[in-house]
Amino acid sequence: MKSTTTPKRRLMMTGVPASPGYAMGRVQKLVNQEFSVSSDPILPERVPKELSLFQKAVRQSLRELEIAKQNIQKMVSKDDARILDAQMMILQDPTLIDPVLEAIRKEHQNSRWAFHVRMKEIISQFEQSPIQLLRERSVDLSDLYNRMMALLGDSGPVMSMEGMTIEESAILIGHTLNPSHVIKLKQGQAMAFATDTGGSTSHVSILARALKIPAVSGLSDISVKAEAGDFMIVDGSNGLVIINPLDSDIKKYKAKIEAFKRQAQELLTTRRLEPQTLDGKYVKLMANIEFPMEADEVETMGATGVGLYRSEFLFIQKGNPSCEEQTEAYRYIIHRLNPLTVTIRTLDAGGDKIIPELSATDESNPFMGWRSIRVCLDKTEIFKTQLRAILRAGEGCSNLRIMFPMISSVHEIQESKRILAAVKQELLDQGVDVPPYEIGIMVEVPAAVIMVDELAREVDFFSIGTNDLIQFTLAVDRSNERIASMFQPHHPAVLRMIHHVVQAAHREGITVSVCGEMVTEPLSTLLLLGLGVDELSMTPWNIMECKKFIRSVSYEEARTMVHQVMSMSHTDEINHLLKKKYMQKISDLGISSFIVTADFNKSDRTLVKLNDHIVNLDVLE
Ligand code: PEP
Ligand code: MG
C-alpha cells in the first residue's frame, strides 16, 4: 500500500533547535507505542472532569489534524491531505464518540480506557474487512489512536519503548517524547530525534544535549510526514530536518558532520585556559549534569565544578531509589570531582519530569502543580532519604553544595533547612562524619525574586533558574513550541529580575549563579557577565565556547552594554543592539554550537546563518 501520509520527495522542515549536531540515517517511528491503559474505574465525582478531558482531547486532535492537513496540502499534495480528512471524520463520528462518553458517564470508565476499547474494536473491524481499502485505512486509525492516547492523560503521552529495538543508526521520530524516553534512547543509541512538539528548554531537549544526541523539536507534524525507513538528515544546530534529501544535501551534511567533529577537537585545546575577560574579570564556569557518569567529562570540558546536578533523573531511571542507590550515585560525582564544587539539587520532580511512583498525573497544570520542593515538604520521608544519601555521599569531602529547587517563600527554605538539620543530627548521632556543605536555592519563581532580600539571609548562594523564571515571569510554557518565540531571555522584565537578584545577593555577601539554558547563548553570556553574575552553569560541552567568548570581551564593555540595555523597554530593541555590536565577533570566533534560543529562532534567520557557516540560507527557505 502506498503510504497515506509520507512524502517521497525532498521535504525540508524547520522547528526548534533542541540539541546541536548533525545526523543522517533512516527514520524509525515511535509508532510501536504501548499506552499504559488500565481499566481502573473512576470515582463518580470524577466523571465531569473525565468527560471534559476526553472532549478536550478530541478538539485538540482535530486542531492538530487541521494544521497537519494544511501543511501537507501546501508541501505535498491535496490527495495526501485527504487522508487526514478521513481521520477527522472518524473522530467526529457519533459511533465512536457516543459509546466512549456513555462508558465514562454510566460505567465510570476512565477516558483512556473507554477510548482504547472502542477504538481497538473499530481498528479490528477495519483490519478484518474484506474490502481492501478499509483494511488499508486501519493504519490511519492507529495514527489517530496514538494521537488521542497521547492527549488523554494529563502527564502527556504514556509511551513505552519496551520491546522496541532501536537501531544504532536510527533517527527517531515521534509526536512527543518524555524525559524517560530520552534516557532510554541512550541505551538504544539512536543517532538523533525529531518531534512534533517541544521547546528548546524542555527537559527532553536538555537531556538530548547532555547525551549529545542531535535533536529538533516543535516540527508540528513530522510524525505524520516522515515514514519508517525514509532517509533523513537532522540538523540540530539550526533546527531543521530534510526528509529524502538530495545527493547534494547529503554531501553538504557529510562535510558538516566532519567539521563539527573537528571543531569539538579544536575546542578541547582551550580547556585549560582561564575563564576571564580581557580586563581580568574571572567568571566561574560550571557544568549542569543529569547523569553521574557525566562527572567524568566535567574536568575535560574545563568546568570549575558542577553548578547543577538534576537529581530527579536518577529517580526517573530507578523509580524511587533507595538511600544506598542514591548514596552511590551522589558519591560518584562528589568524590570524582573533589575538591571542585558539586551542587546537588534535591528532587525537582513534576512539570515535564514525571516520576510515576511519585508524581501526580491528573493535574491540569503540572508546571505549577504539586512538584519539586512541594513534593519533598509533603513527602518528608522521601526528602529525608535523599538528604541522608547526599550527606553520606559527601563523607570525607569538602566540595558539597545542596540546593533546593522552586523555592517560593521564606517558609519553604526554613522548612527545608530544618529537615536538613534534623537529618544531619541523626547522622552525627550515628557517628557519621558529616561533611561541610553550603546551602542554596534556585531562584526560579517570581515570588522568590520579590522576596530575595529575606531569602538571601537564609542561604549561602543563589542559582537563578532562568528556564523556569522566564516561563513563570512571562507566562510562557517552556515546552510549548507554538509560543517558542515568546520565550524571551532578553525581555526587560527578565533582565531586571536578574539584576535585582544579583544586587540583593551581593549586598548580603552571597554568590549568584545562573544555570538556565540562556547561559549558553553568547549574547546572553555578555549580559549576565555585565549584570555581575558570579557563575555560569551549563551543559558541559558548551563550556569551552562560552569561555572562548568570555575571553574575547572586557567586563567593562559588558557593564556598559548592560547599562544601555537596562534603560530599554523592548526585547527587540535590546536584541538589535546586541546583534549589531556582537554578531560579527561571534561569527569571527566561529562559535557554532551554541543554542540558538527560541527568542531568535523563528524570527531571526541571520543568527541561524551565523551559527552555521555551511548552511546556505536558501536551504532554509
Ligand atoms: C531552570 O529552571 O532554569 C533550571 C535550571 O532547572 P530545570 O531546567 O531543571 O527546571
Ligand atoms: Mg527549574
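**Ligand 1 and strand 11**

By class, four nonpolar, five polar and seven charged residues make up the shell around ligand 1. This is a predicted model, in which local features need pLDDT of at least 70, side-chain atom pairs count only at pLDDT 80 or more, and totals for chains, interfaces and linings use all residues. Residues are numbered from 1 along each chain as its sequence is written, chains are lettered from A and ligands numbered from 1 in the order in which they are written, and side-chain values use heavy atoms, without hydrogens and water.

Trainee: Which helix gives the most residues to the shell around ligand 1?

Mentor: Helices here are DSSP runs of H or I with at least four residues, and strands are runs of E with at least two, numbered from the N terminus. Helix 7, strand 10 and helix 18 each give two or more residues to the shell. Three residues come from the top giver, helix 18.

Trainee: How far from an oxygen atom of ligand 1 is a backbone N or O atom of Asn 467?

Mentor: Asn 467 is among the closest residues to ligand 1. A polar side-chain atom of Asp 468 lies 3.0 Å from an oxygen atom of the ligand. For the backbone atom of Asn 467, the distance is 2.7 Å.

Trainee: Why is strand 11 largely enclosed by the rest of the structure?

Mentor: Thr 341, Thr 343 and Arg 345 point one way, and Val 342 and Ile 344 the other. Buried means under 20% relative accessible area, exposed over 50%, partly exposed in between (1.4 Å probe, protein chains only). Strand 11 is largely enclosed because five of its five residues are buried.

Notes. A residue is near a molecule or strand if one of its heavy atoms lies within 4 Å of it. A polar contact is a pair of N or O atoms within 3.5 Å; within protein, one must be able to donate a hydrogen and the other to accept it, and residues adjacent in sequence count only if both atoms are side-chain atoms. Ala, Val, Leu, Ile, Met, Phe, Trp, Tyr, Cys and Pro count as nonpolar, Asp, Glu, Lys and Arg as charged, and the others, Gly among them, as polar.
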